[in-house]
Amino acid sequence: MLKIGLGAPQYGTFTDPTVISQFAATVEAIGFDSLWVGDRALVPTEPRDSYPGGGPLPEAYRTFLDPVVTLSFLAHATRRIRLGTSTLNAPFYSPLLLARSLTSVDILSQGRLDIGFGLGWSSDEYEAIGVPWKGRGARLEEILDVLDHVWSGTPAAYEGARWQLPSAHVETFPVQRPRPPVLLGGFTPATLERIGRRADGWAGAALPVPRLTHVIGQIRQIAEANGRDPEALRTVVRVNPVLTSETAADDGVPRRGTVAQVSDYLLAAHEAGADEVLIDLQQTARNAEELTDLAHRFHTRLSKG
C-alpha cells in the first residue's frame with residue numbers, strides 16, 4: 001500500500017507555531033502517514049551553484065526553521081504520524097551531537113523518526129558553516145560510522161579520519177533499535193552504491209518514471225550484491241509542485257500541473273517501486289487554509305488510486 005507524506009510547515013510564510021501544530025494535527029487526522037522537514041542554512045544573493053530544481057532558489061527559503069527543532073515541535077503536536085528529514089545535510093553537523101539530537105527526537109516522538117541524509121548542493125552553505133566542500137561523501141561515510149558506533153552502546157573508543165571519540169558511556173538510545181531508519185538522498189553512482197551497501201532506503205526526488213525505475217533497480221542490485229535483502233530497502237519520492245488550475249504540458253509534470261496530474265505521476269512512481277511519496281505544498285499554497293485544502297485533495301486522490 002502506498003504511504004503518503006507531506007512537507008511539514010517550516011519555511012516562507014508557514015513558520016507560525018499555531019499553523020504548524022494545527023496543520024500537523026489535521027493531516028494526522030486525515031490519515032497521512034508522515035511529515036518531513038528540510039534543511040536550509042542560507043540563501044546566497046549570488047549563488048555559485050545552480051539550484052537542483054532549476055531556476056532561482058525559491059524566495060520562501062529565506063525564512064527557514066531549524067529542522068531538528070521543528071521535528072521536536074511536531075513530535076509534541078502529533079501522536080501517530082511518522083516524522084522525517086528530507087533531507088538533513090549531514091556534513092554540516094558534528095556526528096556526536098547529531099546522534100544526540102536525533103536520538104532525542106526519536107525518544108520524544110516515541111519511535112516515529114525517519115532520518116533522511118543528503119550531501120546538499122550549495123558550496124556557499126558549506127563555506128559559511130566552515131565545512132570543506134571537497135570530500136563531503138567520505139565525510140558522510142564517517143558520520144554514518146560514528147552514528148552506528150554511538151547507537152550501538154559500546155563504551156569503546158572510536159578512531160576515524162575526522163573524529164576520535166574517547167572510551168565513554170552514551171546511553172541515551174533511540175527507541176527504534178538498532179537505530180531509526182536511515183535513508184540517503186542523491187543520484188550519483190557513489191550515492192547509489194552507498195545506499196545499497198549500508199542505508200535503509202533512498203530519499204528520492206521526482207524523476208521521469210523510466211529513470212526512477214532504473215535508479216530503484218540499481219539500488220536493489222547493489223543491495224543484493226552486498227548480501228542484503230533488496231526488498232527491505234524503502235524508496236520515498238519527493239515532489240515540490242507548483243499547482244495549476246489548467247492542465248499543464250506533460251513535460252512539466254510533476255514540477256508543474258494540476259492536483260490530478262501530480263497525483264497521477266505519484267501513482268505511477270508507486271508502480272515503479274516507490275513505497276512512499278512526499279508532497280511539499282509550501283511553494284504553491286498561499287496561506288494555511290489553502291495548504292490544508294490541497295493536502296486533503298491529494299490524500300483523497302492518492303488513497304483511492
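I count a residue as buried when its relative accessible area is under 20%. The model I am reading is a predicted one, and by that cut-off 51% of the 305 residues of the protein come out as buried.

Entry 1, overall form. I looked up the secondary structure and found 9 helices and 13 strands in the protein. I then compared the radius of gyration with the value for a compact globule: with 305 residues that value would be near 19 Å, and the protein has 19 Å, which agrees. Along the principal axes, the C-alpha atoms fill a box of roughly 60 × 45 × 40 Å. For the contacts between residues at least 6 apart in sequence, I noted that 71% join residues at least 24 apart. The protein exposes about 14000 Å², and I noted that carbon and sulfur atoms supply 52% of this area.

Entry 2, strand 2. I picked V37, which lies in strand 2, residues 34–37, and asked myself whether V37 is buried or exposed. Its relative accessible area is 1%, and V37 is therefore buried, since the cut-off is under 20%. Setting aside neighbours within four places in sequence, I listed the contacts of V37 as A8, Q10, P67, T70, L71, L74, G84, T85, S86 and T87. I looked at S86 in this list separately, and found that V37 and S86 are 49 residues apart in sequence while their C-alpha atoms are 5.8 Å apart in space.

Entry 3, surface patch. I searched for nonpolar side chains on the surface and recorded a patch formed by I107, L108 and V175, whose accessible area together is about 260 Å². I107 belongs to helix 3, residues 95–108. I classed I107 as partly exposed because its relative accessible area of 37% falls between the limits of 20% and 50%.

Entry 4, helix 8. I checked the length of helix 8, residues 259–271: at 1.5 Å a residue its 13 residues should span 18 Å, and the end C-alpha atoms are 18 Å apart, which agrees. Which residues of helix 8 are buried? I wrote down V259, Q261, V262, S263, Y265, L266, L267 and A269. These buried residues pack against two helices, helix 7 (209–225) and helix 9 (288–304), and also against strand 10 (234–239), strand 11 (242–243), strand 12 (256–257) and strand 13 (276–279). Last, I followed the chain just past the end of helix 8, where G273 takes a positive phi of about 130°.

Notes:
Residues numbered from 1 in each chain as written. Predicted model: local features only at pLDDT ≥ 70, side-chain atom pairs only at ≥ 80, totals over all residues. Heavy atoms only, no water. Expected span 1.5 Å × (residues − 1). Buried < 20%, exposed > 50% of the residue type's maximum accessible area, 1.4 Å probe, protein only. Contact = heavy atoms within 4.5 Å. Patch = residues over 30% accessible without salt bridge, like charges linked within 9 Å, V, L, I, M, F, W, Y side chains within 5 Å. Areas by Shrake-Rupley, 256 points an atom, 1.4 Å probe, with all protein chains shown as cover. Salt bridge = Lys/Arg side-chain N within 4 Å of Asp/Glu carboxyl O. Rg over C-alpha atoms; globule rule 2.2 N^0.38 Å.
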